[in-house]
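Work through the exercises below with the sequence and the coordinates at hand. Each task is followed by a solution in steps.

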Amino acid sequence: MNKRFCKNNFEFFLGWGYTRGLGSKSNNRFVSFISALSILGIFLGVAALIIVLSVTNGFQREVRERMLSVVPHVQVYPAPDSPAGWELTLSQSIEKNKEVVGIAPYMSSQSIFLQDGEMVGVKVEGIDPMQEGKVSEVPKKIIQGRLDDLKEGEFNIVLGIELARRLGLEIKKDTFSLGEPVTLLMPETNFHTNEQSPRLFSFNVVGILNTGHFEIDKSFAYVHVNDAKKLFHEGNMGLRVKLKDMDQAKTVSRWIEDNASQPVLTQDWTSINPAWFSELQSFKVMISIILFIITIVGGFSLVSMLVMTVNDKQADIAILRTQGASRRSIMHIFMIQGAL
């Protein structure tokens with residue numbers, strides 16, 4: 001055991017000495033200089049990697065939190081011939097999954113605002129103000145007005161902040177005129193002639209939403225889900241589902257389709273926002289490439305430094321071999337130097 005301890009110490013101290021440049025001839029300090037450059041190169045590479053990873057992860061987390069604060073993790077659509085009261089039975093079967101933390105009804109449709117002769121495209125979401133807080137942070141993102149003012153039958157509406165600006169409702173910076181009427185144009189299909197004709201609905205603005213995500217703030221509007229039923233067809237009705245871990249959305253979606261109390265179709269957030277999700281995947285690929293390049297550069301630096309050190313220490317190696325050092329011990333010395 002003592003022999004092994006001495007042997008290990010002998011290898012370590014020689015490796016440490018070679019790393020510091022001890023024992024080198026005064027005219028051959030170039031090897032020590034290359035060692036220092038190798039260590040500096042690896043240090044800068046790892047520092048760059050940590051910085052890039054931190055910035056990228058922070059950006060991804062920020063965008064995720066902003067977008068998925070109002071976009072559901074999973075959307076569930078029932079079959080067209082679902083019986084009355086399907087929401088309750090379907091919710092009860094979905095709640096059996098341990099990843100599910102909240103469920104709320106919703107309706108959704110594309111529409112157009114008519115304001116001062118201008119037509120503005122909008123996505124109208126029908127929500128239940130009392131249950132929406134279970135699946136999103138929409139109630140927390142209201143900067144003016146209240147989500148509770150979306151009362152059934154009053155045809156009130158909450159607008160994204162950029163949408164409200166485009167409709168000319170901003171009085172001064174981040175202050176908007178509430179109670180103003182806005183006109184919503186909805187297409188109506190005549191099932192006898194299969195033709196579509198526009199319908200106009202007047203809504204009162206009761207709240208302004210600021211998610212911090214420009215694409216959402218400029219194109220989303222919220223109404224009461226029961227008012228939405230009067231505007232949209234029942235086929236647009238569905239459930240929003242919030243999960244503990246958003247990365248489990250695909251798995252939970254498949255589970256819901258397999259275990260729901262009735263036939264359903266699901267969409268997770270990666271398919272609801274495919275362009276944004278593909279950007280996140282591109283980020284991950286780029287980070288992997290950067291990590292691979294830094295690893296290769298560091299490996300070449302270490303190998304070149306060790307090769308030069310071995311050539312510089314040929315005389316020392318010969319002396320060690322004549323004193324009984326094994327090939328394995330010699331190899332351990334330079335492995336220790338490389339590791340240090």
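**Exercise 1.** State which classes of residue line the second largest pocket, and locate that lining in the predicted model.

*Solution.* Begin with the classes: the lining of the second largest pocket is made up of 8 nonpolar, 5 polar and 4 charged residues. Next consider the space itself, which amounts to about 260 Å³ in this pocket. Of the 17 residues that line the second largest pocket, those closest to its centre are K123, I216, S219, F220 and N273. Finally, turn to the elements: strand 3 (118–127), helix 5 (214–217) and strand 10 (220–224) each contribute at least two residues to the lining.

**Exercise 2.** Determine how helix 10 and helix 11 are arranged with respect to one another.

*Solution.* The axes of helix 10 (residues 314–322) and helix 11 (residues 327–339) come within 10 Å and cross at roughly 140°. Because angles over 145 degrees count as roughly antiparallel and 65 to 115 as roughly perpendicular, with the rest above 35 degrees oblique, helix 10 is therefore oblique to helix 11. The handedness completes the description, and the crossing of these two helices is right-handed.

**Exercise 3.** Find where F155 lies and describe its phi.

*Solution.* F155 is placed in the loop between strand 4 (142–145) and strand 5. Its phi is near 50°, a positive value in a residue other than glycine.

**Exercise 4.** Which elements have the lowest and the highest mean pLDDT?

*Solution.* For the protein, the mean pLDDT is 80, and 86% of its residues reach 70 or more. Among the elements, helix 1 (residues 2–20) has the lowest mean, 65, whereas strand 5 (residues 156–160) has the highest, 93. Where pLDDT is low, the predicted coordinates should not be read in detail.

Note on methods: Residues numbered from 1 in each chain as written. Predicted model: local features only at pLDDT ≥ 70, side-chain atom pairs only at ≥ 80, totals over all residues. Heavy atoms only, no water. pLDDT = per-residue confidence, 0-100. Helix = DSSP H or I, 4+ residues; strand = E, 2+ residues; numbered from the N terminus. 1 Å grid on protein atoms, 1.4 Å probe; cavity = no way out; pocket = protein on both sides within 12 Å on 5 of 7 lines; lining within 4 Å. Points joined across faces, edges and corners; volume = space filled by probe spheres on them. Nonpolar A, V, L, I, M, F, W, Y, C, P; charged D, E, K, R; others polar. Axes fitted to C-alpha atoms, helices over the stretch in contact; angles between N-to-C directions. Left-handed = near helix turned anticlockwise from the far one by under 90°.
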